[in-house]
Amino acid sequence: MRLPLHALAHGRSGDKGDVSNVSLIAWRAEAWETLAREVTEADVRALFRHLGATRVTRHDLPNLQAFNFVIEGTLGGGVNRSLGLDRHGKTLSYLLLEMEIEADPALLPAGSPYAPG
């Protein structure tokens, strides 16, 4: 089933210069393997390409059921140099959480509005 990442995980993000850090944290530990398979560096770079992403490095944090994506080139040179209004990395986790992946609905947290039936 195709699901948005926010159905399986939550995120946090921040920025430093022209680099964004976006974390993805599974709601349930059982979803971590699916996230690891479905959310690749290449996928995240493609998702952020329109913002100028030049490189993405994924750091796997299995003990936390999380990932940290270091995304370079997305902030227009950094908050103080960017010509974009409110060009902070703090909101970029929302963009990642809208990405859709293929996942088993059994991985959804209890009470999810995405549960079939």
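**View 1. Strand 2 and strand 3 form an antiparallel pair.** In this predicted model, 8 bridges link the two strands. Strand 2 covers residues 9–16, and strand 3 covers residues 19–26. The hairpin they form has 2 residues between the strands. There, Gly17 takes a positive phi near 65°. Across the pair, Arg12 has Ser23 of strand 3 as its bridge partner.

**View 2. Ser23 sits in strand 3.** Is Ser23 buried or exposed? Its relative accessibility is 15%, so Ser23 counts as buried, the cut-off being under 20%. Beyond its neighbours within four places in sequence, Ser23 is in contact with His10, Gly11, Arg12, Phe67 and Asn68. Arg12 in this list is also the bridge partner of Ser23.

**View 3. Four strands make an open sheet.** The strand order is 2-3-5-4, and the pairing is antiparallel. Strand 2 and strand 4 (55–61) stand at the edges. Each has a single partner strand, so one side of each is left without a neighbour in the sheet. From one strand to the next, the twist averages 15°. Strands of a sheet pair through backbone hydrogen bonds.

**View 4. Strand 4 pairs with strand 5, and helix 2 lies across both.** Strand 5 spans residues 66–72. The two strands run antiparallel and share 7 bridges. Within this pair, Thr57 stands opposite Val70 of strand 5. Helix 2 is made of residues 41–48. This helix runs at about 135° to strand 4.

**View 5. The largest nonpolar core holds 29 residues.** Which residues have the most contacts inside it? They are Leu5, Leu24, Leu35, Val39, Phe69 and Leu96. Strand 3, helix 1 (32–38), helix 2, strand 5 and helix 3 (92–97) each give two or more residues to this core. In soluble globular proteins, nonpolar side chains tend to be buried together.

**View 6. Val39 is one of the core residues with the most contacts inside the core.** Leaving out neighbours within four places in sequence, Val39 touches Leu5, Leu24, Val44, Arg58, Phe69, Leu96, Met99 and Ile101.

**View 7. The whole chain combines 3 helices and 6 strands.** Along the sequence, the pattern reads β-β-β-α-α-β-β-α-β. The chain has 117 residues, and 42% of them count as buried. Among contacts between residues at least 6 apart in sequence, 63% join residues at least 24 apart. The accessible surface comes to about 6500 Å². Carbon and sulfur atoms account for 52% of that surface.

How values were computed
Residues are numbered from 1 along each chain as its sequence is written. This is a predicted model: local features need pLDDT of at least 70, side-chain atom pairs count only at pLDDT 80 or more; totals for chains, interfaces and linings use all residues. Side-chain values use heavy atoms; hydrogens and water are left out. Two strands pair if DSSP finds at least two bridges between them. Axes are lines fitted to C-alpha atoms, for helices over the stretch in contact, and angles run from 0 to 180 degrees between N-to-C directions. Contact means heavy atoms within 4.5 Å. Buried means under 20% relative accessible area, exposed over 50%, partly exposed in between (1.4 Å probe, protein chains only). A nonpolar core is a set of buried Ala, Val, Leu, Ile, Met, Phe, Trp, Tyr and Cys residues joined through side-chain atoms within 4.5 Å. Accessible areas come from the Shrake-Rupley method with a 1.4 Å probe; for residues, only the protein chains shown count as cover.
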